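Please open the model in your viewer, with side chains available as sticks, and follow the selections below in order.

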Amino acid sequence: MAARTVRSVTALAAAAVLTAALLAGCGGGTTTVVPVSSGAASPVAGGAAVAGPAAVATPTAAETEDDSPCPTGGNVKKFAKTRFALHAGLALGAFHRYIYKPLRSGGFKAGADKRKRTIAKAAIAGVFALHQLKVAKRFARANPTLCRAVEGVSSRFKTLAGKLHDGTATPADIAAGKSSIDGLQRDALRTGYKFKEQNVTIPG
């Protein structure tokens, strides 16, 4: 239990570092995630381990996650749509590039080239995407229906991120994540909160 708690804290701290780096570069066309390396190790499928990021930064107020219940009435926030689109787009970008596309190309299969690195990046991307969805929820609160949709996707990604971290995620888990975030994108479009995939890079 203690080991799981340490891994959870490390994962959330890693998301903070990734978010800080992303927001610092969100003015350009390409957003880069730059985690600071340490000697820590993260488990991947098959019991192997790879070097993981260390937390050296704290999220700003704009990056705070929202775990509170969705409102039943409107709660307008300044620039809510723009900020929602940014964070939801970052979640979508991380999922597509480091989780869904490697699955489609066979990057998680035994014997695949650089498989351990692919799985390690997918685990980081899963935690990062979950964090971004929780941040996006803060800016979806102006629309209770969309807020609840984000809540549902976050729940799905919480499970997926945990399985990716433990190396137990299956193609069905990833397909369910794809369906869930695609549904959020459709709901957002219908409610006037359109967002598109943002470029995310996890180096190494």
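Begin by selecting D187 and R190, whose side chains meet in a salt bridge at 2.2 Å, N to O; the term stands for a side-chain nitrogen of Lys or Arg within 4 Å of a carboxyl oxygen of Asp or Glu. Because these two residues are three apart in helix α5, D187 and R190 are separated by about one helical turn, where helices are DSSP runs of H or I with at least four residues, numbered from the N terminus. Colour the pair by accessibility and the two ends differ in class, with D187 partly exposed at 26% and R190 exposed at 63% relative accessible area; buried is under 20%, exposed over 50% and partly exposed in between, using a 1.4 Å probe and protein chains only.

Before going on, note that this is a predicted model, in which local features need pLDDT of at least 70 and side-chain atom pairs count only at pLDDT 80 or more, while totals for chains, interfaces and linings use all residues. Residues are numbered from 1 along each chain as its sequence is written, and side-chain values use heavy atoms, with hydrogens and water left out.

Next, select D182 and K178, which form a salt bridge of 2.5 Å, N to O, and which both lie in helix α5, four residues apart, or about one turn of the helix. Here D182 is buried, at 19% relative accessible area, and K178 is buried as well, also at 19%.

Then move to D173 and K163, where the side chains meet in a salt bridge of 3.2 Å, N to O. This pair links distant parts of the chain, since D173 belongs to helix α5 and K163 to helix α4, ten residues apart. D173 is buried at 18%, whereas K163 is partly exposed at 29%. By the same rule, the count of salt bridges comes to four.

Which residues have the most contacts inside the largest nonpolar core? Select F84, F95, F157, L184 and F195 to see them, within a core of 40 residues; such a core is a set of buried Ala, Val, Leu, Ile, Met, Phe, Trp, Tyr and Cys residues joined through side-chain atoms within 4.5 Å. The elements giving two or more residues to this core are α2 (80-104), α3 (115-140), α4 (144-166) and α5 (171-190).

Finish by centring on L184, which touches L133, L146, A149, V150, V153 and F195, leaving aside residues up to four places away in sequence; contact here means heavy atoms within 4.5 Å.
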